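User: Please take a close look at the salt bridges in this model, and at the helices that carry them. I would like one connected account that pairs each contact with the exposure of its residues.

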Amino acid sequence: MGATIRGVNIRDLKRVILAVPPLKEQSEIASYLSRAISTLDEIIFKTREQIAKFQEYRTALISAAVTGKIDVRGSAQCRS
């Protein structure tokens, strides 16, 4: 009654044995995850910075090609 999964009721849930690590281990797991997330956040930040730099470089390169500051006529061949 009131369950979001058909056939599962409160009596079934009361019988479930749930393994819970000791508080010290929970704390160690949380610390590890915090460090891992911080590392990933730093990698994401640096990656976004690099993407922004590449976009600036692309824009500058296109501008230089369009204004004639660099010669691109013989530097690449069109391929079909």
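Analyst: A residue counts as exposed when its relative accessible area is over 50%, as buried when it is under 20%, and as partly exposed in between. With that scale in hand, both R73 and D71 are exposed, and in this predicted model their side chains meet in a salt bridge with an N to O distance of 3.0 Å. The structure holds 4 salt bridges, and two others among them can be placed within helices.

One of these belongs to helix α1, which covers residues 10-15 and contains both R15 and D12, set 3 residues apart, or about one turn of the helix. The closest N and O atoms of R15 and D12 are 3.7 Å apart. R15 has a relative accessibility of 60% and therefore counts as exposed, whereas D12, with a relative accessible area of 30%, is partly exposed.

The other lies in helix α2, where E42 and K46 are separated by about one helical turn because they are 4 residues apart. Their side chains form a salt bridge at 3.1 Å from N to O. E42 is partly exposed at 44% relative accessible area, and K46 is likewise partly exposed, at 46%.

As for helix α2 itself, its 45 residues, 23-67, should span 66 Å at 1.5 Å a residue, and the end C-alpha atoms are 65 Å apart, so the expected and modelled spans agree. Just after α2 comes G68, which takes a positive phi of about 85°.

How values were computed. Residues numbered from 1 in each chain as written. Predicted model: local features only at pLDDT ≥ 70, side-chain atom pairs only at ≥ 80, totals over all residues. Heavy atoms only, no water. Helix = DSSP H or I, 4+ residues; strand = E, 2+ residues; numbered from the N terminus. Expected span 1.5 Å × (residues − 1). Buried < 20%, exposed > 50% of the residue type's maximum accessible area, 1.4 Å probe, protein only.
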